[in-house]
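Welcome! Below are a few short exercises to work through with the model open beside you. Try each task before you read its solution.

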Amino acid sequence: MATSFTALSAKKFGKDFHWGVAIAAAQNEGASGMYGRGQSIWDVFARNGNKIKSSHKPVTACDFYHRYKEDLLLAKALGFTAFRFSISWSRILPDGAGKINKEGINFYHQVIDECIKLDLVPYITLYHWDLPHELEKHGGWANHLINKWFNRFVTVCAEAYGSKVKNWIILNEPFGFTSLGYMLGIHAPGKRGLNNFFPAVHHAALAQADGGRIVRQLVDNAYIGTTFSFSEVTPYTDKKEDIEAAKRIDLLMNRMFIEPALGKGFPMEETFRLTKKMHLHNTEWKFIERMQFDFDFIGMQYYFPLVVRYNNLIPIIQASEVKAKKRQVPFTGMGWEINADSFYRMIKRIWNYDGVKEIIITENGSYFKDEIKNGIINDIDRIDYFEKHLKAVLKAKREGINIKGYFAWTLMDNFEWAEGYNARFGLIHVDFKTQLRTIKNSGYWFRDFLSAI
């Protein structure tokens, strides 16, 4: 597929820039009830009624467990130099704590060894949303014992893989799994309410720092980060009510976890009563030092900006989104606004935090409704999305922002959480009945783009 790179070239990012793709255990592995693996909260959540669109379940997913060699070869063939994957907690510790599953340990050794064989630099994500169900029975992230359980899991992984893997990501999008899973109930484990949300946030903030310290202690020359999803939040109008609403949403989505990690403690807004309740809820929220860790890099995940307006019908946050379609701006198949300029502004904003030394774009991508015609998937909208967002990264990098890498989300279509198999973000199409992989034109676009390095 011939493409012109006059405006955008992989060479311009530098020879040491890491070009990667990312996947996650719960979304890709399958083999959910096999080889000693315990149940995760997503296995159970998917079985409970109509929680997942089309009643889809992650039992087989992309069958990465059995097809990892083929899939890693595809990543290599598309020109990527790094591979980000997560470790299934319940595959390592089936009960969340206690006995180690040797078959699980061996599986990730095989994945890591294959990455090294192919010259794909492995990046391990320790927690990508798939808590063992056995721990959820005892409250999961809302139970103060989660920090003890998590530290054991991190220790086992660091001891097992630290001699081979130097790049570690502690948590994936903590605001995502705490808000969607423990406040709104639309993701596993399906809990709702502030009494679940408050402790889950507190424990996750401690976990990201504790995990960093454990990896630092156990892995020589470790390069340690953690990831946050960022969205620029803009008020719909210049009315005071809309401006204050935007501040509230921005605090939750963009400041809630990065500021404690940087030693600032949990963010506060005088007009946002929820933040005052957070501090009153648990005196341990005063423990600013334990929540701080000197990360080598911050993983930045970006998909869309948000425009919000004041809405007194929405409890607590009193804000609601003004959808991209209503505002008549470009949007993806998820209804998310496409705005690479916003991405650039958020990169600059995160870089301006004291304590941020390096940034890696650990996820960026889009879902569009792909069509297969004569075995070809010409996903031109996805190509356009990547090209615009990579230009934003390059612009920021040229201005002196220390961006060390970019990971496309995702290698292949997978189990996209509550969307099931309906929302396809992959560079590779997966027929979930046959597991046939078909490289989309966006995958070939990356191949051509990266071959120019």
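**Exercise 1: A three-stranded sheet**

In this predicted model, an open sheet of three strands runs in the order β6-β8-β9, and its pairing is mixed. Find which strands form the edges of this sheet, and how β8 and β9 pair.

*Solution.*
Step 1. Look for strands that pair on one side only: these are β6 (233-235) and β9 (319-321), the edge strands.
Step 2. Follow the sheet from one strand to the next, and you meet a twist that averages 40°.
Step 3. Now take β8, residues 306-310, and set it against β9: the two pair in the antiparallel sense, over three bridges.
Step 4. To pin down one spot in this pairing, go to R309, whose bridge partner in β9 is S320.

**Exercise 2: A helix across the sheet**

Find the helix that lies across β6, β8 and β9, and give its angle to β8.

*Solution.*
Step 1. Locate residues 240-255, which form helix α10.
Step 2. Helix α10 lies across β6, β8 and β9, and runs at about 130° to β8.

**Exercise 3: One alanine**

Is A408 buried or exposed? Decide, then list what A408 touches.

*Solution.*
Step 1. Place the residue: A408 sits in strand β13, which covers residues 403-409.
Step 2. Check its relative accessible area, which is 0%. Buried means under 20%, so A408 is buried.
Step 3. Leave out residues up to four places away in sequence, and the contacts of A408 are G20, V21, A22, N364, F386, L427 and F446.
Step 4. Add a distance: 325 residues separate A408 and F83 along the chain, while their C-alpha atoms are 9.9 Å apart.

**Exercise 4: Empty space**

Describe the largest cavity and the second largest pocket by volume and lining.

*Solution.*
Step 1. Start with the cavities: the structure holds one of 30 Å³ or more, and the largest cavity has about 80 Å³ of space.
Step 2. Of the 13 residues that line the largest cavity, A25, A26, R37, D43 and P58 lie nearest its centre. The elements giving two or more residues to this lining are α1 (25-28) and α2 (41-47).
Step 3. Sort the lining of the largest cavity by class: four nonpolar, four polar and five charged residues.
Step 4. Turn to the second largest pocket, with a volume of about 230 Å³. Its lining includes L194, E241, R248, F272, K277 and Y310.
Step 5. At least two residues of this pocket's lining come from each of α10 and α12 (273-281). By class, the lining of the second largest pocket has five nonpolar, two polar and five charged residues.

Note on methods: Residues numbered from 1 in each chain as written. Predicted model: local features only at pLDDT ≥ 70, side-chain atom pairs only at ≥ 80, totals over all residues. Heavy atoms only, no water. Pairing = 2+ DSSP bridges. Helix = DSSP H or I, 4+ residues; strand = E, 2+ residues; numbered from the N terminus. Axes fitted to C-alpha atoms, helices over the stretch in contact; angles between N-to-C directions. Contact = heavy atoms within 4.5 Å. Buried < 20%, exposed > 50% of the residue type's maximum accessible area, 1.4 Å probe, protein only. 1 Å grid on protein atoms, 1.4 Å probe; cavity = no way out; pocket = protein on both sides within 12 Å on 5 of 7 lines; lining within 4 Å. Points joined across faces, edges and corners; volume = space filled by probe spheres on them. Nonpolar A, V, L, I, M, F, W, Y, C, P; charged D, E, K, R; others polar.
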